[in-house]
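User: I should like to learn how to read several features of a structure, one at a time. Please give the general idea first and then the case at hand.

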Amino acid sequence: MTARAFGRTGLVVPHVGLGAGPLGDPALDEREVEILLLGALDVGVTLVDAARSYGLAEERIGRHLGRHRSKVVLSTKVGYGVEGLPDWTGPCVAAGVDAALRRLRADWLDIVHLHSCPLETLRRGDVLTALLDAVVAGKVRVAAYSGEGEALAWAVASGAFGAVQTSVSLCDRASLASAIPAARERGVGVLAKRALGNGVWRYGEHPSQPDLAEYWQRWRALGLPLQGWDPLELAVRFAAHAPGVGCALVGTTRFENLRRAVELADRGPLPPDALAALDERYRAVGAAWPGVV
Ligand SMILES: NC(=O)c1ccc[n+]([C@@H]2O[C@H](COP(=O)([O-])OP(=O)(O)OC[C@H]3O[C@@H](n4cnc5c(N)ncnc54)[C@H](OP(=O)(O)O)[C@@H]3O)[C@@H](O)[C@H]2O)c1
């Protein structure tokens, strides 16, 4: 898999990373999780993205990849969920970094995001200062922001963050229009979240989960001209090779699905005629759609 410079962070990232969002579920078979995480490294997926809110994901990554620490770019998210501390305060961010280090069994974290806090919180400064202090202390290599819209634009323009994480998929292109080009210009690394648009083409009926429901409606409104393309291939190649994206995060619990996504991304960018057809449909119906957090 192609390795790319991640903005001006000094990190090198693969064009497909593993989104650990689905790895929090206690009901998952631990051996399957191990096969996925170790298999990821075997197929070149050397970046793994977690968060405090992803259930058991951080513990599992620590358990199975802890001894391979030097081969992995570890990404996670903080800002909430520390017992005894109010969310979105400096002490909560500082303690959140320490707790993530313990759960991930790591001496340092490569990318740590403020996880979708609103613009007012970013502007207040205390939360950002706590994250930057963790960088100075050598606990975190790259301070990052994860989110959409105004807060994302502010984060990119602030010059305080080395990386951002934002939604990029066939159903979600808001950031591709301005935040990602601005990030590219400033040397800010970009992780594409929800890169498969949660794979909504697989659902026959309206899903009940709000974010899935939103993408499902968008997918139907787009009515993409598939012209024989497998939607998975369109989705993976679109996100992994979108201009300005360093690494597209694919969320899965199954090694076979990750391997397939890598194989498709390795085919390179979509051909110009396929991209033009996707662009035309998005312009026609999706131009005003906001990024889904
Ligand atoms: N910062 C944030 O607020 C935020 C929000 C959302 C996501 N994220 C990050 O972005 C990552 C990716 O987003 P996501 O997990 O929400 O959604 P996603 O990657 O867009 O889609 C995940 C879905 O696609 C399916 N899938 C994966 N590979 C497949 C394949 N080869 N064939 C068919 N289906 C496949 C998975 O099912 P199977 O498990 O069956 O493979 C899963 O249901 C997350 O894991 C997380 O790291 C961050």
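User: Where is the place of Cys-117?

Analyst: Helices (H or I, at least four residues) and strands (E, at least two) are DSSP runs, numbered from the N terminus. By that numbering, Cys-117 sits in the loop between β6 (109-115) and α4 (119-124). The model is a predicted one, in which local features need pLDDT of at least 70 and side-chain atom pairs count only at pLDDT 80 or more, while totals for chains, interfaces and linings use all residues. Residues are numbered from 1 along each chain as its sequence is written, and side-chain values use heavy atoms, with hydrogens and water left out.

User: Is Cys-117 buried or exposed, and which residues does Cys-117 touch?

Analyst: A residue is called buried under 20% relative accessible area, exposed over 50%, and partly exposed in between (1.4 Å probe, protein chains only). Cys-117 is buried, with a relative accessible area of 2%. Contact means heavy atoms within 4.5 Å. Leaving aside residues up to four places away in sequence, Cys-117 touches Trp-88, Leu-122, Tyr-145 and Ala-151. The C-alpha atoms of Cys-117 and Ser-146 are separated by 8.1 Å, although these residues are 29 apart along the chain.

User: Which residues of helix α8 are buried?

Analyst: An α-helix has 3.6 residues a turn, so residues three or four places apart point the same way. In α8 (residues 179-186), the buried residues are Ala-179, Ile-180 and Ala-183. They lie on the same side of α8 because they cover an arc of only 95° around the axis, the arc being that of the directions from the helix axis to the C-beta atoms. Arg-184 and Glu-185 are exposed on the face turned away from that buried side. The cover over the buried residues of α8 includes α6 (149-158), β8 (163-167), α7 (174-177) and β9 (189-193). After α8 comes Gly-187, with a positive phi near 75°.

User: How many salt bridges are there?

Analyst: Side chains of opposite charge can pair when their charged atoms come close. A salt bridge is a side-chain nitrogen of Lys or Arg within 4 Å of a carboxyl oxygen of Asp or Glu; by this rule the count is 18. One of them joins Lys-193 and Glu-148 (2.9 Å, N to O). Lys-193 belongs to strand β9 and Glu-148 to the loop between β7 (140-146) and α6, so this pair ties together parts that are 45 residues apart in sequence. Both Lys-193 and Glu-148 are buried.

User: What does a salt bridge within a helix look like, for Arg-218 and Glu-214?

Analyst: The side chains of Arg-218 and Glu-214 meet at 2.8 Å, N to O. The two residues are four apart in helix α9 (residues 210-222), about one helical turn. Arg-218 is buried, at 3% relative accessible area, whereas Glu-214 is partly exposed at 29%.

User: Which residues surround the ligand most closely?

Analyst: A residue counts as near the ligand if one of its heavy atoms lies within 4 Å of it. There are 27 such residues, and the closest are Asp-49, Ser-146, Gly-251, Thr-252 and Asn-257. A polar contact is a pair of N or O atoms within 3.5 Å. A polar side-chain atom of Asn-257 lies 2.7 Å from an oxygen atom of the ligand. The protein covers 85% of the 900 Å² of accessible area that the ligand has on its own, as computed by the Shrake-Rupley method with a 1.4 Å probe.

Notes: Polar contact = N/O pair within 3.5 Å; in protein donor to acceptor, adjacent residues only side chain to side chain.
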